[in-house]
Amino acid sequence: MTAVLPAPSFLPRTLHGDRRRWHDGPTPVSLADLTSLTRQVAAEVVAGHHAVQIDAANRWSRRLHADPHLDVWLISWATEQAAELHDHGGSIGALTVVSGELTEWRWSAGQADDHLATAEEIASRGPGLRRRVLTAGSGAAFPLGHVHDVSNRRTEAAVSVHAYSPPLSAMSYYGVERGTLTRTRSELVEPGASPE
Ligand SMILES: [Fe+2]
């Protein structure tokens, strides 16, 4: 059974125009709000409130909530399913892993960014891709400019909840050539189209 999400409790406050909260991006919703929301919805998925499907051929996703400020997605990852290296345009976002395990490769500009890295990531320094493993209950936040690739490297399927604010409207894709991050293309995301 698919339950309808209640309106996120933080929205009425932000809609009253507290612009001090607009520090993470062009949205009244903060990264902390999105992280909290994905954790809340992940708990709902664990409790069986949202049906999940696994599709070995194509990554499966379902939009659980949409309003002018944010959208929330439930995504499943069969083994070896992966996104491409991408950003989230003018949106910020967050994800929480519900079950299974996801691997994130995140582009780091280098040492100035290293204080954000986990012990696992810090093994390499300087500009480059940093790897972190996201297990059930853990997650990642995506500030503006966050470039990453997410994949399921395990045989067990993974399930995750993602939230974006403003709703995802454009994404750019990247490659890494000789240690340099290079944008390869940008695409508009149709409203309601599956995110990455
Ligand atoms: Fe992403």
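Reader: What makes a residue of this protein chain count among the buried 32%?

Author: Of the 196 residues in the protein chain, 32% are buried, because each has 20 or more other C-beta atoms, placed from the backbone, within 10 Å of its own (12 or fewer is exposed, in between is partly exposed). Do keep in mind that this is a predicted model, where local features need pLDDT of at least 70, side-chain atom pairs count only at pLDDT 80 or more, and totals for chains, interfaces and linings use all residues. Residues are numbered from 1 along each chain as its sequence is written.

Reader: How do you know how many helices and strands the protein chain has?

Author: They are DSSP runs, numbered from the N terminus: helices are H or I with at least four residues, strands are E with at least two. That gives two helices and ten strands, in the order α-α-β-β-β-β-β-β-β-β-β-β.

Reader: Why is β1 said to pair with β2?

Author: Two strands pair if DSSP finds at least two bridges between them. Six bridges join β1 to β2 (residues 71–77), so these antiparallel strands pair. A66 stands opposite D71 in β2.

Reader: Which strands form the open sheet of five, and what makes some of them edge strands?

Author: The order is β1-β2-β8-β3-β6, with antiparallel pairing. β1 (60–66) and β6 (139–142) are the edge strands, as each pairs on one side only.

Reader: What does helix α2 lie across?

Author: Helix α2 (residues 31–46) lies across β1, β2, β3 (92–99), β6 and β8 (158–165), and runs at about 25° to β3. Such angles run from 0 to 180 degrees between N-to-C directions, with axes fitted to C-alpha atoms, for helices over the stretch in contact (C-beta atoms, placed from the backbone, within 7 Å).

Methods. Contact = placed C-beta atoms within 7 Å.
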